[in-house]
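Thank you all for coming; I would like to walk you through one model and the ligand it holds, so please have a look at it first.

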Amino acid sequence: MLKLGIIGTSAITHNFVTAAHESQGYQLSAVFSRSLDKAEAFAKSYGNLSLFTDWADFLASDLDVIYIASPNSLHFHQAKAVLEAGKHAIVEKPMVSTPAELHILKDTAAKHQVLVFEAARNHHEPAFQQIRNFLTDKTILGAYFGYAKYSSKMPELLAGQTPNVFSADFSGGALMDLGIYPVYAAVTLFGKPQTATYKASQLPSSVDLRGSGQLFYDGFYVTIEAGKNMTSYFPSEIYTDQGTLTLNACQHIQSAVFCSNDGQVTELAIDFEVDTMLTEAQHFAQAIERKDLELATDWLIAAQAVHDTLYTMRQDAQIQFKADLDVN
Ligand SMILES: NC(=O)c1ccc[n+]([C@@H]2O[C@H](COP(=O)([O-])OP(=O)(O)OC[C@H]3O[C@@H](n4cnc5c(N)ncnc54)[C@H](OP(=O)(O)O)[C@@H]3O)[C@@H](O)[C@H]2O)c1
């Protein structure tokens, strides 16, 4: 059983802890927060936990793995410190603000003989293997993957504030927050694209509220949509020489229906968990327990392809983060 510590005390951390406990691979042991009140409030539902507001004390504590769910731009420095302290790190998506940061985290993990994971939950869904198997005898002609959901932080934004998720200082915006899921779907199914474009509705800070991009592969392209100022109910689709496969979504995939060019409809049997974070939590615990560097490296190769692509897309739309000045 892995001793788990957490950074960030918002709802997503409760969700991850629930999944971690359900996986039976972890026991939550410690909470780091900037305030003791918040640490106590978070810990209330989990019994006796160690509470930390001092960063050095937290890193020196007896933990195996730390889950990081702070604002995006903090992930890199926090994960680097966690790895340097000899602990494994599970970092919420987007794990980094720039591809350069990911290279540094990979090197740091290798140097300290620990593992680092991006909590990109859709990359771990079994549906992708089932879809890949179904597509093996077909020629891919293209795909559409989108994720757009009206943000609970929109009223704050409209009232003139800058919530973290819309902040250039915190590496926010639609592409980094939700667009990462469609990009992961494309990379998981088709590998790294050769190049990518992105055009967006942007705030004066350059952070995107909504955007549309294309990922270019040899012989086809994938259209990507991301949005935080509106909700899309549009499904995802994969186009082949033999027909179209329609998915309910490109994350938490629960249905896949193929309509052949002559109109025959086939429903694929898709495995999925109700808890969207359970499979990734299981995978990370297994990789740590088995010291499975090969598997962890495969996930990092996918993460690198995703972050290289996101960076190319950001450059196309001229979305600039404070973090771009720090490392690159
Ligand atoms: N996988 C998923 O489905 C999913 C869903 C939602 C979010 N996420 C990811 O989870 C991460 C957190 O998202 P969120 O919406 O929960 O973010 P958030 O509310 O802005 O911040 C999360 C936590 O980070 C700490 N924090 C906030 N502002 C900070 C600051 N200025 N300096 C240092 N710490 C600060 C706070 O904890 P304390 O006050 O206790 O220090 C807060 O509870 C993001 O990377 C997001 O992409 C993933």
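I will call a residue near a molecule if one of its heavy atoms lies within 4 Å of it. Please keep in mind that this is a predicted model, in which local features need pLDDT of at least 70 and side-chain atom pairs count only at pLDDT 80 or more, while totals for chains, interfaces and linings use all residues. Residues are numbered from 1 along each chain as its sequence is written, and side-chain values use heavy atoms, with hydrogens and water left out.

Around the ligand there are 21 residues, of which T9, S10, S33, N72 and N164 come nearest. As for polar contacts, meaning here a pair of N or O atoms within 3.5 Å, the side chain of N72 places an N or O atom 2.7 Å from a ligand oxygen, R121 does so at 3.0 Å, and a polar side-chain atom of H75 is 3.1 Å from an oxygen of the ligand. On its own the ligand has 910 Å² of accessible area (Shrake-Rupley method, 1.4 Å probe), and the protein covers 77% of that.

Where does the ligand lie with respect to the domains? By an automatic or database assignment, the chain has domain 1 (2-122) and domain 2 (124-277 + 308-327), and because both give residues to the shell, the ligand lies between them. The C-alpha centres of these two domains are 25 Å apart, and their contact (heavy atoms within 4.5 Å) takes 26 residues from domain 1 and 28 residues from domain 2.

Conventions
Polar contact = N/O pair within 3.5 Å; in protein donor to acceptor, adjacent residues only side chain to side chain.
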